[in-house]
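Let's take a walk through this protein together, one piece at a time. Have a look at the chain before reading on.

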Amino acid sequence: MENYLPCGVIVPPAPEKNFMGTAKVRFGGNNQSTEDQSQFIRRRKAALERYLNRLMGHHLICKDETLRRFLQEEDPPRPNPNASGIKGFMKNVETMVSKVTARINEVDEWYEDKQQHILELEETLKKLLVVVDNL
């Protein structure tokens, strides 16, 4: 989706991840009821569905070939069942993420310039406020 940002296309943000909730469900937090786990999964599923619907509702993003391939994937990557514990889980997550993401240098000169300009304006306004207060 990053390739749309330089063109001025506003890409909806993905839902926030709840790593603690995911870990409790995944590794069977014994003090969490199955109803709580089911509710967590339902909420996460609903958030992901809303996100995908927003992406597919966008007139440009819905035509993106990468998104279409992802949605049509019949055999999504799964964690290795031979991996043990949190260490194996994290290694599997790292492997899956590296497969679906590209290394991107996230330097946006326009944004950096605007951010610097805003900071300078803020400093100027602070100085102006001091001068006005002293009048």
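Let's start with Leu 125, which sits in helix α5, the stretch covering residues 109-133. Is Leu 125 buried or exposed? Its relative accessible area is 56%, and because the cut-off for exposed is over 50%, Leu 125 counts as exposed. Leu 125 has company out there: together with Leu 128, Val 132 and Leu 135, Leu 125 makes a nonpolar patch on the surface of about 460 Å². Keep in mind, by the way, that what you're looking at is a predicted model.

Stay on helix α5 and find Glu 112, which also belongs to this helix. Glu 112 has a relative accessible area of 42%, so it's partly exposed. On the surface, Glu 112 is part of a patch of negative charge, where it gathers with Asp 108, Glu 109 and Asp 113.

Now for a pairing of charges. Side chains of opposite charge can pair when their charged atoms come close. How many salt bridges does a search of the whole structure find? The search turns up one. The partners are Lys 126 and Glu 123, and their closest N and O atoms are 3.9 Å apart. That makes the cut, because a salt bridge calls for the nitrogen to be within 4 Å of the carboxyl oxygen. Both Lys 126 and Glu 123 lie in helix α5, with their positions three residues apart, or about one turn of the helix. Here's some background for that spacing: an α-helix has 3.6 residues a turn, so residues three or four places apart point the same way. As for accessibility, Lys 126 is partly exposed at 45%, and Glu 123 is partly exposed too, at 40%.

Time to step back to the whole chain. The protein has five helices and zero strands, so if you read from the N terminus on, the elements simply go α-α-α-α-α. Of the 135 residues in the chain, 16% are buried.

Some of those buried residues can be found in helix α2, so let's go there. Helix α2 takes in residues 34-57, which is 24 residues, and spans 34 Å from its first C-alpha to its last, close to the 34 Å expected at 1.5 Å a residue. Which residues of α2 are buried? They are Gln 37, Phe 40, Ala 47, Tyr 51 and Leu 55.

Two other residues of α2 are worth a visit. Glu 49 has its place in this helix and is partly exposed, with a relative accessible area of 41%. Follow Glu 49 across to Pro 15: the two are 34 residues apart in sequence, and their C-alpha atoms are 9.8 Å apart in space. Leu 52 is found in α2 as well. At 26% relative accessible area, Leu 52 is partly exposed, because buried would mean under 20%. Leu 52 can be set beside Pro 12, which is 40 residues away along the chain, with 9.4 Å separating the two C-alpha atoms.

Key
Residues are numbered from 1 along each chain as its sequence is written. This is a predicted model: local features need pLDDT of at least 70, side-chain atom pairs count only at pLDDT 80 or more; totals for chains, interfaces and linings use all residues. Side-chain values use heavy atoms; hydrogens and water are left out. Patches are made of residues with over 30% relative accessible area and no salt bridge: like charges are joined within 9 Å, nonpolar side chains (Val, Leu, Ile, Met, Phe, Trp, Tyr) within 5 Å. Accessible areas come from the Shrake-Rupley method with a 1.4 Å probe; for residues, only the protein chains shown count as cover. A salt bridge is a side-chain nitrogen of Lys or Arg within 4 Å of a carboxyl oxygen of Asp or Glu. Helices (H or I, at least four residues) and strands (E, at least two) are DSSP runs, numbered from the N terminus. Buried means under 20% relative accessible area, exposed over 50%, partly exposed in between (1.4 Å probe, protein chains only). The expected span of a helix is 1.5 Å times one less than its number of residues. Lys and Arg count as positive and Asp and Glu as negative; His and the chain ends are not counted. The place of a charge is taken as NZ of Lys, CZ of Arg, CG of Asp or CD of Glu.
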